[in-house]
Amino acid sequence: MADAGPFDVLIEGGTVVDGSGDQPFAAAVGILHERLTLVFGDTDGVAAGRRIDANGLIVAPGFIDLHSHSGLTIFVDPLHEPKVRQGVTTEVIGVDGLSYAPIADPSDLEALLVMNAGLDGHPEIGYDWSTVESYLDRLEALRPSLNLAFMVGNSALRIGAVGWDEEPATGGQLANMRSMLREAMEQGAIGLSSGLDYPPGSYADTEELAQLTAEAAALGGFYHTHVRYPLGDRFLDPYREAIEIGRRGEGPVHITHFYHKQIFPEGPGPMLALVDDARAQGLDVTFDTYPYEWASTRLLIMIPPWVQSGGPGPTKERLADAGVRARIRRELADRGVLFAGRRAWDDVRLGAFRTPDLLRWEGRTLGDVVAERGDDPVDVLCDLLLAEDLRLNQVTPGPWSESLREFIRHPVGMIGTDSTFVGDRPSPRSYGSFPRVLGQFVRDEALLSLEEAVCSMTSAAAARIGLHDRGLVRDGYVADLVLFDPERVRATCTYEDPCRYPDGIEWVLVSGEAVVERGAHTGARPGRVLRRS
Ligand SMILES: [Zn+2]
């Protein structure tokens with residue numbers, strides 16, 4: 001009999017994949033006051049308030065999602081089932097430069113909400129916060145089903161210090177952003193995010209971002225970046241800039257949704273070599289990717305950044321202007337298929353409609369609308385955005401199926417689902433990312449070992465975001481755990497039918513409390529805000 005216990009919960013009979021990357025082993029896991037203890041040998045005499053039979057199941061640390069767009073929608077859906085059912089116990093919000101704090105002026109917050117409703121949603125929740133502390137306190141009071149870690153977005157900083165216009169920051173404005181960032185991190189943010197397709201954060205230049213990265217790094221944070229995709233050769237130059245920002249700012253760089261598109265001029269090798277070379281030079285560069293072929297963001301991303309200067313009011317005025325539309329038409333033609341796929345408008349699936357006569361376009365493509373209306377596609381695009389107050393979402397081709405495995409199996413590759421919660425038919429990444437890796441890439445294709453995959457989803461991600469007592473099944477760690485059936489685990493969602501929960505994720509525990517029990521959500525909400533410590 002093992003000399004341990006008594007416990008609140010005892011998970012018996014399972015195989016532990018502890019998150020370190022080491023071989024699986026047989027052990028029970030006891031949980032007392034949210035913390036776990038490994039128990040080896042016979043557990044018959046170990047006292048526990050509750051016993052969970054894990055025979056045939058893998059017991060692993062809960063998964064950490066490095067990119068989630070739930071920072072607003074979770075207020076109306078704190079159970080957050082699409083993520084919890086994947087085994088996610090912590091997710092990173094405030095990504096893509098788009099954090100909704102700190103924002104001092106309520107009209108600025110409203111403007112940011114309008115601009116990004118097609119990506120982050122715009123639920124009616126009473127926007128009563130301004131500082132990071134007040135926003136995180138509200139999340140904490142909500143008690144969602146999983147834990148949240150918050151990044152401060154450079155758009156929020158720029159709105160406060162520079163405003164909405166496309167212009168460089170002065171020295172004083174930069175100093176202002178640095179002090180806002182410092183304060184945000186002192187209030188719990190884990191680092192700085194950027195989304196260099198999204199104004200006004202995208203108006204920041206390399207040096208501005210390097211200085212902000214230096215500020216974040218000085219407080220133990222890191223730079224999490226959606227790179228400047230239209231930069232230079234539109235292939236490697238965007239990532240070169242991200243690495244340069246880390247080099248100049250002497251801070252860690254995490255490239256989010258790093259993937260290769262079929263339309264790129266070369267294969268994924270040169271992209272991954274940038275990361276490998278930077279690391280060989282001693283730079284701390286990591287990345288996440290999502291294991292689905294479908295990207296998704298706000299439809300407004302189609303519209304060049306200069307059109308969006310000044311915020312939603314000026315954006316809408318310009319979208320209504322025939323001369324502006326002509327210039328957008330020329331620029332989109334020059335930019336080619338960068339933002340869509342080979343089928344152009346037929347590859348842009350629309351979502352998040354609310355205007356009654358437009359609801360029938362939900363889940364249909366821009367090509368469908370163009371075909372019915374017989375109008376010019378740019379006119380259709382601008383008209384739809386105006387009719388829907390900019391809030392539309394798009395799903396377009398993203399990672400190329402032939403190259404996405406190179407990113408999944410890379411030693412510093414992690415998972416960021418980039419999950420969105422707007423529209424009826426999101427990218428399947430919102431529901432299936434972690435199970436797809438475990439089911440298809442680990443089990444069916446043997447692309448990487450189970451312990452490697454779990455390591456990247458747990459301890460590697462915990463180290464990246466600065467969590468010191470989560471991400472491993474190790475004595476004294478917080479009992480954020482997932483129990484899954486390695487034979488049955490799989491994603492069931494598809495492009496056509498994306499809102500389907502996975503199979504084989506049997507139990508999920510957050511701080512020792514079951515939020516998924518035998519494959520069903522329990523309704524429990526033990527989640528916390530994990531502030532920088
Ligand atoms: Zn994103």
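**Entry 1: a parallel sheet**

I looked first at an open sheet in this predicted model; 3 strands form the sheet, in the order 8-9-10, and their pairing is parallel. I then asked which strands are the edge strands. They are strand 8 (63–65) and strand 10 (147–150), each of which pairs on one side only. From one strand to the next, I noted a twist that averages 20°.

I next examined how strand 9, residues 88–93, is joined to strand 10. The two run parallel, and 4 bridges join them. For one position I recorded the residue across from Glu91: Leu148 in strand 10 stands opposite Glu91.

**Entry 2: the whole chain**

I turned to the protein chain and looked up its secondary structure, which comes to 16 helices and 23 strands. The radius of gyration is 23 Å, and the globule rule gives 24 Å for 533 residues; these values are close, so the chain is as compact as a globular protein of that length. Along the principal axes, the C-alpha atoms fill a box of roughly 80 × 50 × 45 Å.

I also looked up burial, and 55% of the 533 residues count as buried. For contacts with a separation of 6 or more, I noted that residues 24 or more positions apart account for 77%.

**Entry 3: two domains**

I consulted the domain assignment, which gives domain 1 as 63–296 + 398–468 and domain 2 as 304–397. Their C-alpha centres lie 25 Å apart. I recorded that 26 residues of domain 1 are in contact with 24 residues of domain 2.

Which element gives the most to the side of domain 1 that touches domain 2? I found that helix 2 does, with 6 residues. The elements giving two or more residues to this side are helix 2 (106–120) and strand 16 (294–298). By class, I listed 12 nonpolar, 8 polar and 6 charged residues on this side of domain 1.

**Entry 4: Arg531**

I closed with a single residue, Arg531, which is found in the segment after strand 23 (520–521). Why does Arg531 count as partly exposed? I found 18 C-beta neighbours inside 10 Å of Arg531. A buried residue needs 20 or more and an exposed one has 12 or fewer, so Arg531 counts as partly exposed.

Leaving aside residues up to four places away in sequence, I noted that Arg531 touches Leu136 and Gly188. I also looked up Arg531 and Phe421, which are 110 residues apart in sequence and 24 Å apart in space, C-alpha to C-alpha.

Technical notes: Residues are numbered from 1 along each chain as its sequence is written. This is a predicted model: local features need pLDDT of at least 70, side-chain atom pairs count only at pLDDT 80 or more; totals for chains, interfaces and linings use all residues. Two residues are in contact if their C-beta atoms, placed from the backbone, lie within 7 Å. Domain bounds come from an automatic or database domain assignment. Ala, Val, Leu, Ile, Met, Phe, Trp, Tyr, Cys and Pro count as nonpolar, Asp, Glu, Lys and Arg as charged, and the others, Gly among them, as polar. The radius of gyration is taken over C-alpha atoms; the globule rule is 2.2 Å times the number of residues to the power 0.38. Two strands pair if DSSP finds at least two bridges between them. Axes are lines fitted to C-alpha atoms, for helices over the stretch in contact, and angles run from 0 to 180 degrees between N-to-C directions.
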